[in-house]
Amino acid sequence: MAEFDLIIRGGTVVTASDTTQCDVGIRNGKVVALADSLEDGAEIIDASGKLVLPGGIDSHCHIDQPGSHGVESADDFESGSISAACGGTTTIIPFAAQYRGQSLRAVVDDYHTRAKGKAVIDYAFHLIISDPSDQVLGQDLPALIREGHTSFKVYMTYDALKLDDSQMLKVLTTARREGAMVMVHAENHDVISWLSEQLVAAGHVEPKYHAVSHAAPAEREATHRAITFAEIIDLPMLIVHVSAREAIDEIAKARQKGLRIHGETCPQYLFLTADDLDRPGFEGAKYICSPPPRDAANQDFVWRGIETGTLDVFSSDHAPYRFDDPEGKKNQGENAPFTKVPNGVPGIEIRLPMLFSEGVGKQRISLNQFVAITATNPAKIYGLYPRKGTIAVGADADIAIWDPDKPVTISIDMLHDNLDYTPYEGREITGYPILTLSRGEVVWDGKDPKGNPGRGQFLECDLPNPPQTGGPAIHGVHHATE
Ligand code: URP
Ligand code: ZN
Ligand code: ZN
């Protein structure tokens, strides 16, 4: 029997910290050797002239998430995970979303059923907590955290999901006690509602007014408030889908003070602007997401946030609503006001190639930074490291081999999701994953998806943070708040 099931030979292996010319030996789905030259592989992949990167972790994507009001996710775990794999991603972390009144346990059980037998790559779940009852915070959430659902998202906006400030504080206290990671959708709900009412009353209902109603100061204020809560409760926090300079500044200030605040951004804030929402007719609805894409100056600040490390996670926020579909963007018809259009844009497959081309290719970020924000940092933040997010002896052989020079014109026809559009149609990029391995098995060969649905495994995440008994220390005074 050969020593290795597979050797990746002659490539440039890149991690968040190193770039090395070496061979990678894989056995039983794990990386077992990294060396100048390896022999005795049952299979050999020649990677000379290619980059060998950790498979991406998409730590913010919405897959088969039950919607409200007849809006349906176009992607289930099969199409969503296949699409991810074809773009060089090997782990996805979508959301088991609790709507008010729902049992959190029942929501998570249902989500496991949706994933099982379908995913082609490994997956974990974040939870969404919208109903933080005593049962949820005292029993269900702690139990689910212990079962490996160690991160959850809370919303400061959206009628169906938002928590008020006192609920936020309670939820954060639970996260601190249990060692979980909290993700926050930070936008001021009342500001957005008020601006939306004013705009609609004045007849300003077209998609472009979505970006007006979700004003950057509303994002800044909520980001500041969320960080204030993290400071008071004394726990790490991640602000999701950061779009604006003002919010980035809040995160940078918090970091300077020594607070453990992470910032996530997404392709739409680097590659789209509010002008995209002003396309003719209803076309702009394709680009409605929250927070919205902003202007070119804000795009530059998002790049700068990535370069400086203030934004340390790059996810897709893939929200698979088809455009020409009554269960998607046209749920309330073609002339629906912006307030009635489902929020979100797709991007699970192009997340990595777009960032590679525009970030690494245009020398805005290094290859190591690329790996850090797309794989290693999310693995660390969500309790999956070092099993996932790096290429190291003992890690799962989740690897994407990239041709850094491959020219690609993005079009919906080449993608593997169930959408009928991509916001990036016609963009010309350079560099693409030509092979994706999940635990040593090919799931994308550069032409076709491979790997059976159902081969993807649920990942129990480790605790991202040490559990803290006792209440937070406020201004040096230790309060027993629990
Ligand atoms: O508009 C967005 N981002 N939709 C997806 C849901 C969310 O808030 O992340
Ligand atoms: Zn959100
Ligand atoms: Zn999202």
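The following dialogue examines the surroundings of ligand 1 and the cysteines in a predicted model.

Student: Which residues are counted as being around ligand 1?

Tutor: They are His60, His62, Lys153, Tyr155, Tyr158, His185, His241, Cys289, Ser290, Asp317, Asn343 and Gly344. By class, this shell divides into three nonpolar, seven polar and two charged residues.

Student: What makes the pair formed by ligand 1 and the side chain of Asp317 a polar contact?

Tutor: A nitrogen atom of ligand 1 is 2.7 Å from an N or O atom in that side chain. The cut-off is 3.5 Å, so the pair qualifies. The side chain of His241 offers an N or O atom 3.4 Å from an oxygen atom of the ligand, and a backbone N or O atom of Asn343 lies 3.3 Å from a ligand nitrogen. The protein covers 95% of the 270 Å² of accessible area that ligand 1 has on its own.

Student: Where does ligand 1 sit?

Tutor: Ligand 1 occupies the largest pocket.

Student: Why is Cys461 not assigned to a disulfide?

Tutor: A disulfide requires two cysteine sulfur atoms within 2.5 Å. The closest cysteine sulfur to that of Cys461 belongs to Cys61 and is 13 Å away, so the distance is too far for a bond. The structure as a whole holds zero disulfides.

Student: Why are Cys461 and Cys22 called buried?

Tutor: Buried means under 20% relative accessible area. Cys461 has 7% relative accessibility and therefore counts as buried; Cys22, at 9%, is likewise buried.

Note on methods
Residues are numbered from 1 along each chain as its sequence is written. Chains are lettered from A and ligands numbered from 1 in the order in which they are written. This is a predicted model: local features need pLDDT of at least 70, side-chain atom pairs count only at pLDDT 80 or more; totals for chains, interfaces and linings use all residues. Side-chain values use heavy atoms; hydrogens and water are left out. A residue is near a molecule or strand if one of its heavy atoms lies within 4 Å of it. A polar contact is a pair of N or O atoms within 3.5 Å; within protein, one must be able to donate a hydrogen and the other to accept it, and residues adjacent in sequence count only if both atoms are side-chain atoms. Accessible areas come from the Shrake-Rupley method with a 1.4 Å probe; for residues, only the protein chains shown count as cover. On a 1 Å grid over the protein atoms alone, a cavity is a set of points where a 1.4 Å probe fits but cannot get out, and a pocket is an open set with protein on both sides within 12 Å along at least five of seven lines; lining residues have an atom within 4 Å of a point. A molecule sits in a cavity or pocket if more than half of its atoms lie within 2 Å of its grid points. Ala, Val, Leu, Ile, Met, Phe, Trp, Tyr, Cys and Pro count as nonpolar, Asp, Glu, Lys and Arg as charged, and the others, Gly among them, as polar. Buried means under 20% relative accessible area, exposed over 50%, partly exposed in between (1.4 Å probe, protein chains only).
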